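Take a look at the structure below. Some short questions and answers follow.

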Amino acid sequence: MHAGIDYTALTHPVAPPARTDPTAHAVSRLASENGWQYFTHAVDQQLPGVVFREVDGKARFSQRAVNIVRIPGDPMVEVGDSFYTEVAVGNQFTQQWGYAAVDLGVAVPSVTIEAVRNRARSALPATPAGAAVDDSRPGVRVEAAPGSEQVVDALLTPEIIDALADEAHPLDVELRGQWLFLYAPRSLSNDDATSWRAVLATVDLFVARVRELRLPQAAAELPPAAGSPAAAPPAFAVHTAPLKSRGSRVNGARVGLYLGVVLAAMVIAGGAALFFGR
């Protein structure tokens, strides 16, 4: 679906004008040369994913995004870099998540899939409530709404697992409602053509597999006319679940590092005071 993309803007970049961000310049040229839409930034995005909204549906604190690209097609794909602010131990921390958002138009189970390499850096901020953890697939951790095991097993082909667990470009996934989100705790709207290829190829794998599974239309869609071929019962039942926040588990390593630095500084300062105070 995303073959034939011109990556010249990234593989042979043109020097940006003075005081212009090089990455933004490269991404905007990539969009222009491929007939895509480019937006410099957005605030309080309405996307329903876990990196945009709290479990109660409210926008995350100071949520914003930059270098947003919308790729037309069926379905349309949006790629960007999202940020929000967390407060921990009295300090503010900025969380960055590169994302690709796809409105599939069909109902999908509530699932989060985390690449082990991404999780070691930063865990997703929420998962489906009551989900069972499945670590049986190499390189990924799956948490799915109870009752979704059959459709999840069918959805996660070896090709999809390999794409998510890729050593150079690992990706996390959220499926919820009618949305597919790919996430990474790093920039995805960047000047790296290899990263773009990996993201869009993974989107294509998911979209193709979802269409193969004959999942039911999303609730917002009108039901098919009785007796039409599309009115046949779906091959799989789809289960949803509310989200459960992970709270302090998010970027715990970062908070721990901060506390460690503060403690070390206090120890050094105390030792210096004792030494020079003699």
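Q: Is Ser62 buried, partly exposed or exposed?
A: This is a predicted model, and the figures come from its atoms. Ser62 has 37% relative accessibility. Buried means under 20% and exposed means over 50%. The value for Ser62 lies in between, so Ser62 counts as partly exposed.

Q: In which loop is the place of Ser62?
A: Strand S1 covers 37–43, and strand S2 covers 64–71. Ser62 falls after the one and before the other. Its place is the loop between S1 and S2.

Q: Which residues does Ser62 touch, not counting residues up to four places away in sequence?
A: Contact means heavy atoms within 4.5 Å. Sequence neighbours up to four places away are left out. That leaves Phe83, Tyr84 and Thr85.

Q: What separates the C-alpha atoms of Ser62 and Thr94?
A: Along the chain, Ser62 and Thr94 are 32 residues apart. In space, their C-alpha atoms are separated by 9.3 Å.

Q: What charged end sits over the ring of Tyr84?
A: Tyr84 is one of the residues that Ser62 touches. A charged end sits 5.1 Å from the centre of the Tyr84 ring. It belongs to Arg60.

Q: How many residues of strand S4 are buried?
A: Strand S4 spans residues 91–115, which makes 25 residues. The strand is mostly covered. The buried count is 20.

Q: How many bridges join strand S3 to S4?
A: S3 spans residues 77–88 and runs antiparallel to S4. One bridge pairs Val87 with Gln92 in S4. The bridges between S3 and S4 number twelve.

Q: Which residue in S8 stands opposite Thr112?
A: Strand S8 covers residues 172–184. S4 and S8 run antiparallel and are joined by ten bridges. Opposite Thr112 stands Glu174.

Q: Which residue in S7 stands opposite Ile113?
A: Strand S7 covers residues 140–144. S4 and S7 pair in the antiparallel sense over five bridges. Opposite Ile113 stands Val142.

Q: Why does the aromatic pair of Trp179 and Phe181 count as stacked?
A: The structure holds seven aromatic pairs. In the pair of Trp179 and Phe181, the ring centres are 5.5 Å apart. Planes under 30 degrees apart count as stacked. The pair is stacked because the angle between its planes is 10 degrees.

Q: Which of Trp179 and Phe181 is buried?
A: Buried means under 20% relative accessible area. Trp179 has 21%, so Trp179 is partly exposed. With 1%, the buried residue is Phe181.

Methods
Residues numbered from 1 in each chain as written. Predicted model: local features only at pLDDT ≥ 70, side-chain atom pairs only at ≥ 80, totals over all residues. Heavy atoms only, no water. Phe/Tyr/Trp six-rings, centres within 6.5 Å; stacked < 30°, edge-to-face > 60°. Buried < 20%, exposed > 50% of the residue type's maximum accessible area, 1.4 Å probe, protein only. Lys NZ or Arg CZ within 6 Å of the ring centre and 35° of its normal. Helix = DSSP H or I, 4+ residues; strand = E, 2+ residues; numbered from the N terminus. Pairing = 2+ DSSP bridges.
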